[in-house]
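Please open the model in your viewer and keep the selection panel at hand for the stops that follow.

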Protein chains: 2
Amino acid sequence: MPQTRITLDESRLPRRWYNIVPDLPEPPPPPLHPGTRAPLGPDDLTPLFPPDLIAQETSSERYMEIPEPVRDIYRLWRPTPLIRAHRLEKALGTPARIYVKYEGVSPVGSHKPNTAVPQAYYNARAGVRRLTTETGAGQWGSALAFACAQFDLACDVWMVRSSYDQKPYRRTMMELFGAKVHASPSPETSTGAKILSDDPSNPGSLGIAISEAVESATPSDTRYALGSVLNHVLLHQTVIGEEAREQLASINETPDLVIACTGGGSNFAGLAFPFLRDSRETRFLAAEPAACPSLTKGTYAYDYGDTAGFTPLLKMHTLGHDFIPDPIHAGGLRYHGMSPLLSHIYNLSLIEAKAIPQRETFEAATLFARTEGIIPAPEPAHALAAVIAEAKAATTPLVILTSVCGHGHLDLAAYESHLHGTLAEPDPSPRIADALTRLP
Amino acid sequence: MPQTRITLDESRLPRRWYNIVPDLPEPPPPPLHPGTRAPLGPDDLTPLFPPDLIAQETSSERYMEIPEPVRDIYRLWRPTPLIRAHRLEKALGTPARIYVKYEGVSPVGSHKPNTAVPQAYYNARAGVRRLTTETGAGQWGSALAFACAQFDLACDVWMVRSSYDQKPYRRTMMELFGAKVHASPSPETSTGAKILSDDPSNPGSLGIAISEAVESATPSDTRYALGSVLNHVLLHQTVIGEEAREQLASINETPDLVIACTGGGSNFAGLAFPFLRDSRETRFLAAEPAACPSLTKGTYAYDYGDTAGFTPLLKMHTLGHDFIPDPIHAGGLRYHGMSPLLSHIYNLSLIEAKAIPQRETFEAATLFARTEGIIPAPEPAHALAAVIAEAKAATTPLVILTSVCGHGHLDLAAYESHLHGTLAEPDPSPRIADALTRLP
């Protein structure tokens, strides 16, 4: 019987992150100043981020060392297991071999602490005392709350209201780790106040929450932290793929197909980039929600990262910065844009993308839970739906690698809707077309 | 830096369970027939359990082989990690070394599948088609639901109403794995109907739920499954301690003190029994809730395992079979009795016990979450409170071993009460005294 769980001893925890930029055939287009439209320099980012993160954001070094205090905290849950999904394969009757990198064992049950911990570390090292951020499903916010607790930083989180209402437990988790949580849009920022005065029942979006968190990061001892999209975030997440490479190598496997879900892009990048380094024969597939399909239905253009237009202009696949996705349960994928680095790689045709309807994702997740015993969060359920479709179509022993970037124990209300047949299947097309008319 | 997480490769998954009975100075008193008060024979258990489990229940063999189909499923999450709680030690300023066996990585987030899987396996092997059971916090019910899904068994769960109302997500988890869930007391059994007619808002108890599940197991293709208390359940849980022994041995540590929480006793037994085999120099401490203190405030006497008096008479530490514990958040510890085997061992003074108030348990859990990044379930929070008290008092490098038998991601409503200072601290003494007047 081949192995079920491929574990790594903590002595084999990666010592460096992988930066894909120097390995690309051309560099990604730079972010632009929203006023002058000139390329941003490192100084433009100083109000938001500490020097170490700015250096990583713009680095062209292939590898960057993971600081020991960060590795010390990673050791609380890393290396994470790689699981051969024997029982799922059997249920599908597929000749494919399916491997799942499982990030749900982290303190908050998702991959987000992989970047929250170094972000808190570099900020604390620079003398910052407080971080602000946004959160969708609450996974990023709870990760940053946990990380801030490790380095004695205060933490303020703007949580998208649809998730704030749907997922009170995530809010409690952030408070348990010592963070203060605000429903977004909130009356506490000028952005939030303006949106609420126009639409008091606005369900919020990641774009709005980012605007509020950025607006709140103005005091000199306060900086902003972003849980996805930016280069340094994608960099930190490569610890996932670096481990998976070692784990697959230990059993003499190489993936033919790497599949992960995409919202802002960090989970996908974290798993896929270390494999993109090796091989041009592996296929890479990004699974995104049909309700927020930035790669498959967006435009590749300069746009704001937030709704209010506070951020630099980023060249990315975007649905328009004021597109508000329907409140699907995969709150972590409700972002109008895609990481500029991942957008560039998609534009170079190094990866493929596929949009998946909500019901199909929960059907996949339910099958996965019943066979493998892991209840996935709604976000990686998108990847599992794509995996299942590929495995069903396979006629050869294709090696598929995916990641379950979080568990769904805090998403059981979503499963309840699925079990009772009340999941919505929204069609965002008209609103996407409308939002795209307002690109900057 | 000493290791943080001591992992075992799946090739070192234990091959046998440990039965402590032959190693005890005297055998535990037998269960008695409730009518005749004669010792039960194996035949008396046939209506409830399949032959393999009855054999294990009454076995005097020291080791029993774990069947390969059970080990196959264990491999989905086992061996579980052993964690050195460096950050907690530092926060306490203790010279003690604290090791935590973490069972929260299982499919349902607790140690319960360790016995649910073999119980489902042995029942399926005996031709049983449906299992009934009770559940308190929902951890056992979701474990059995998961296990039944692996062996194509139907599963009916009676869930204590206070938990059914407090923890709807646990119910969804059981339904996700394919089980049918009934709030207990339910109108569907004669026991439940009678209790509801006397007291329509009865919050339920494990004792009542057991009565209902037992009553529902009468069809010939249906058997009953119990998540704690019985010898075979404790036996299956020894996989925890067997792994912990190997993990500690791999770093040349032996525990001076083993601490675990007790409700029905299976988590404590699972961790402690394999260490009780070795050494009479190790201390063993059972941490129980002050609201349901069967070891420290109960009487050692023959009593019913359930409220209605359907079960055999068990010699155990009991608060009286009709004692209804207050609805504390540690629903898994709300049981009027204690495993007869563990009661016997306590009566032989091989282990100690301590009752812990609810608020102290959540203070301990919050400190553990902030330092170690694991949010414990309210049940093991009792063990952590005891660990913290012992570690604070330590003046030497005492080696403490404990278990966090489940994560608390589904118990965040309880943490919310703690953070808002609204946790109750009920005094059960008068009702215990009253219930003890009605021993059979």
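A crossing of two helices is called left-handed if the near helix is turned anticlockwise from the far one by less than a right angle, and right-handed if that turn is clockwise. The model shown here is predicted.

With that convention in mind, select residues 266-276 of chain B, which form helix α12, together with residues 340-347 of chain B, which form helix α14; the two pack at an angle of about 50°, with their axes 12 Å apart. An angle of this kind makes α12(B) oblique to α14(B), and the crossing of the pair is left-handed. Show side chains next: α12(B) contributes B:Phe268, B:Phe273 and B:Leu276 to the contact, while α14(B) contributes B:Leu341, B:Leu342 and B:Ile345. By class, the residues of this contact comprise six nonpolar, no polar and no charged.

Move now to chain A and select helix α6 (residues 139-150) and helix α8 (residues 168-176), whose axes come within 8 Å and cross at roughly 15°. Since angles under 35 degrees count as roughly parallel, α6(A) and α8(A) are therefore roughly parallel to each other. Their crossing, too, is left-handed. Here A:Gln139, A:Gly141, A:Ser142 and A:Ala145 of α6(A) meet A:Arg170, A:Met173 and A:Met174 of α8(A), a set that divides into three nonpolar, three polar and one charged.

Finally, display both chains: how is chain A superposed on chain B? A rotation of 180° with 0.0 Å of shift along its axis does so, with an RMSD of 0.0 Å, and the two copies are thus related as by a two-fold rotation axis. Colour the interface residues as a last step: 100% of those in chain A are also interface residues in chain B, so the copies meet through the same surface.

Definitions and conventions. Residues numbered from 1 in each chain as written. Chains lettered and ligands numbered in written order. Predicted model: local features only at pLDDT ≥ 70, side-chain atom pairs only at ≥ 80, totals over all residues. Heavy atoms only, no water. Axes fitted to C-alpha atoms, helices over the stretch in contact; angles between N-to-C directions. Helix = DSSP H or I, 4+ residues; strand = E, 2+ residues; numbered from the N terminus. Parallel < 35°, antiparallel > 145°, perpendicular 65-115°, else oblique. Contact = heavy atoms within 4.5 Å. Nonpolar A, V, L, I, M, F, W, Y, C, P; charged D, E, K, R; others polar. Least-squares fit on C-alpha atoms with pLDDT ≥ 70 in both.
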